Amino acid sequence: MNAATSSGTAALLEVRGLSKRFGSLRALDGVDLDVAEGSLTGLIGPNGAGKSTAFSCIAGADKPTAGSVRFRGREIAGLAYHRVAALGIGRTYQIVQTFADMTVLEAVTTAALLRHPHLRDAVAYAQDVLAFAGLADKRYRLGRALTIADKKRLEVARALATDPSLLLLDEVMAGLTPSECHDAVGLLRRIIARGITVLMVEHVMEVLMPIADHIVVIAAGKTIFTGAASEAVRDPRVIEAYLGSPLEHREIAEHKP
Ligand SMILES: Nc1ncnc2c1ncn2[C@@H]1O[C@H](COP(=O)(O)OP(=O)(O)OP(=O)(O)O)[C@@H](O)[C@H]1O
Ligand SMILES: [Mg+2]
């Protein structure tokens, strides 16, 4: 099933046949996915399926070997990272950047400079973003002094500071306690309410199920499922990709080879 045709609306992001080789390894081998404007789309798949590589190819951090990435109908595959960011795609990194010797405010200000070239304006915008992200009271803290949850929050704040219309979130809830996850979902809901479209990689299906409009599942670099989260956990191809046997939501969530 195709998300664009199933929802009946043109997709903000349309990825077709996205492929990426690292030497002889086919990390991506024909990924198709659509993200409808205003939606929250979940991207799941077993470890090594190619989720983070797909993000890097969409965001311009890696050049795809083949395939098409259309954003607002415009082909962006192979564009440099800063040009993709300027068009309105922000992303977080699965392995958080540390910003050990920068304050939280400095780290977010450097991201805000993309849209606000004058430092004073960038600082003011960064302050707004920090308030929105719930980090205002930690703005003078050094990156090294942050908890995992706040490092993840800082990643999201830096992406938001580039004023994206599409936000790619790569496992921003990994390693968080249930209460920290709850707070992170609150921030996600505020991001959606602000009109930002989200494509997120998340292993915890209990987190995705209530908030995702669509789920895309990739395995071995290929899209194997697009549809509702409740259907994904029952789809035979998805089940086989994870374990090769019937499983419940929690088992998908916790599977690590
Ligand atoms: N820069 C790279 N050079 C070589 N191989 C890479 C590189 N980046 C990723 N890979 C390989 O590409 C495949 C896909 O990796 P990727 O990180 O995209 O998977 P993932 O779905 O994000 O996995 P995880 O759930 O563990 O984060 C893996 O086999 C990985 O080892
Ligand atoms: Mg990954």
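Biologist: Which element gives the largest share of the shell around ligand 1?

Modeller: That's H2, with three residues. A residue joins the shell if its C-beta atom, placed from the backbone, lies within 6 Å of the molecule. H2 (51-59) is called a helix because it is a DSSP run of H or I of at least four residues, while strands are E runs of at least two, all numbered from the N terminus. By the way, this is a predicted model: local features need pLDDT of at least 70, side-chain atom pairs count only at pLDDT 80 or more, and totals for chains, interfaces and linings use all residues. Residues are numbered from 1 along each chain as its sequence is written, with chains lettered from A and ligands numbered from 1 in the order in which they are written.

Biologist: How do you know that E1 and E2 pair?

Modeller: Pairing takes at least two DSSP bridges between two strands. Strand E1 (residues 11-22) and E2 have nine, in the antiparallel sense, so they pair by that definition. One example is Lys20, whose bridge partner in E2 is Leu28.

Biologist: And what makes E3 and E8 a parallel pair?

Modeller: Four bridges join strand E3 (residues 40-44) to strand E8 (residues 197-201), and the two run parallel. Leu43 has Val201 as its bridge partner in E8.

Biologist: Why is one side of E6 and of E10 left without a neighbour in the sheet?

Modeller: The open sheet of six strands has the order E6-E7-E8-E3-E9-E10. Strand E6 (89-91) and strand E10 (222-227) stand at its edges, each with a single partner strand, so one side of each lacks a neighbour there.
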